[in-house]
Amino acid sequence: MPTPTRDLTPAAVAAWRARSQRLWGERLATPWDAFEHLAAVQSQEYQPSKLTPAMRAKPDGDGLAYAGAGGVDSLIEQGRVLRTHVLRTTWHTVPAADLRMLIAASGDRVMQVIVNGSRGIGIDLRTHERATEALAAATAGGRHLTREEAGEALEAAGIAGASGQRLGHLLMHAEVSAVICSGDPKDGKQTYASFDERVPAGAIGKDEAIRELARRFFASRGPATVKDFTRWATLKVADAKAAVDELLLGGSGLRELRYDDRVFYYEGERPEPEDGGPVVDFVQGYDEMLCSYTDSKDLVLHHSVSRALFPDRPRFTSAILLDGQVVGNWKAAVKKDRVVIETWRVRGFTAAEIAAMRRGADRLRAWFGSPEMELGLDHA
């Protein structure tokens, strides 16, 4: 049993996670390295999701604080990363070489969620199987289909009602079945292509896949709990714990500590305390600093503010991090000559925090490619 870590604080955990995720500290060389480090980037909305790997990579253009959006676009266009449904019933962008591992780890559990949820909209298992077979045929030979074209292919195969929510469920089933995945973008639209034509070959067993996924998760997101990992990857606690135990015994570099009556796992050394003033980061609404810690979400929200003051439905989706913890939200509108950034915080800021916020917003301005910025400051 790990010894309690008495000098650890919520702020220290947040700073440690920001370092593990490479949001702080030495940036990774390219957005590709960021995708490889994180293994999966939650990507409900494609355009905002590009900010997650960009913020963790070195600047690749004049005046930028981190990599530009174009580097992420090129990885999608090259097929080096794929945007698909994996780990949970939501979009993730993942390295193509890791997709078989991710599906092997938790695809069966995700499939249960899809099939169970589909019954309520009139899709039985046989319909899913027929649709998946039809999509395999429709995408064979290098054919990349938009969502609308995929629906037309299903209708032509005799599968009625292949639109809207029903079409989404049919496509997810085929994705998690390792039959289709994202293809080349077409006129700015997501497409679907043959899984085997896009994803490198290589079989991997479920236990090995879970173990590798656990290693990557705690190396890139530690300190985190087993339940953080299971909920992020849709795993059984017993399977996740078995993988963690094997990593601890096998000399993988995984370590553990006890804090606040929970056991946290991490890799590497605990970073030194941060020097200097406050740090404010503007992250997209599904950044991994937010979505990786369901069990220890209490450490995601800023420690200086009562949990009761955080609204159930934030005014804006994207989040403002103060020293690695959520303290508010933002949205941006790119105009011809400037970017307008609206913000809302759960509390007022000190002068030093306002200055840090302006620096963070200016990094965002540069990423959007705008010459000027209009920053709105609003708080509870």
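**Exercise 1. Which residues in α11 meet which residues in α13?**

Before you start, note that this is a predicted model, where local features need pLDDT of at least 70, side-chain atom pairs count only at pLDDT 80 or more, and totals for chains, interfaces and linings use all residues. Residues are numbered from 1 along each chain as its sequence is written, and side-chain values use heavy atoms, with hydrogens and water left out.

*Step 1.* Find the helices: α11 covers residues 206-221 and α13 covers residues 237-249. Helices (H or I, at least four residues) and strands (E, at least two) are DSSP runs, numbered from the N terminus.

*Step 2.* Look for contacts, meaning heavy atoms within 4.5 Å. From α11 you get Lys206, Ile210, Arg211, Ala214, Arg215 and Phe218; they meet Asp239, Ala240, Ala243, Val244, Glu246 and Leu247 in α13.

*Step 3.* Sort these residues by class: seven are nonpolar, none polar and five charged. Here Ala, Val, Leu, Ile, Met, Phe, Trp, Tyr, Cys and Pro count as nonpolar, Asp, Glu, Lys and Arg as charged, and the others, Gly among them, as polar.

**Exercise 2. Work out how α2 and α5 are set against each other.**

*Step 1.* Two packed helices are described by the angle between their axes and the distance between the axes. Axes are lines fitted to C-alpha atoms, for helices over the stretch in contact, and angles run from 0 to 180 degrees between N-to-C directions.

*Step 2.* For α2 (residues 31-38) and α5 (residues 69-78), the axes come within 9 Å and cross at roughly 70°.

*Step 3.* Now name the arrangement: α2 and α5 are therefore roughly perpendicular to each other. (Angles under 35 degrees count as roughly parallel, over 145 as roughly antiparallel, 65 to 115 as roughly perpendicular and the rest as oblique.)

*Step 4.* Check who touches whom: Pro31, Trp32 and Phe35 of α2 meet Gly71, Val72 and Leu75 of α5. By class, that contact has five nonpolar residues, one polar and no charged.

**Exercise 3. Put the strands β1, β2 and β3 in order.**

*Step 1.* Two strands pair if DSSP finds at least two bridges between them. Two bridges join β1 to β3 (residues 91-95), and these strands run antiparallel.

*Step 2.* Within that pair, glutamine 42 sits opposite histidine 92 of β3.

*Step 3.* Write the order: β1-β3-β2, an open sheet with antiparallel pairing. The edges are β1 (41-42) and β2 (81-85), each pairing on one side only.

**Exercise 4. Find the strands that pair with β6, and an unusual residue in the loop before it.**

*Step 1.* Strand β4 (residues 145-146) is joined to β6 by two bridges and runs antiparallel to it. Threonine 146 has threonine 191 as its bridge partner.

*Step 2.* β5 and β6 are also antiparallel, with three bridges. Here serine 182 stands opposite tyrosine 192.

*Step 3.* Check the loop between β5 (180-182) and β6 (191-194), where you'll find aspartate 187. Most residues other than glycine have a negative phi, and most peptide bonds are trans. Aspartate 187 isn't a glycine, yet has a positive phi of about 55°.

**Exercise 5. Where is the cis peptide bond?**

*Step 1.* Look for omega of about 0°: that bond joins glycine 222 and proline 223.

*Step 2.* Place it: proline 223 belongs to the loop between α11 and α12.
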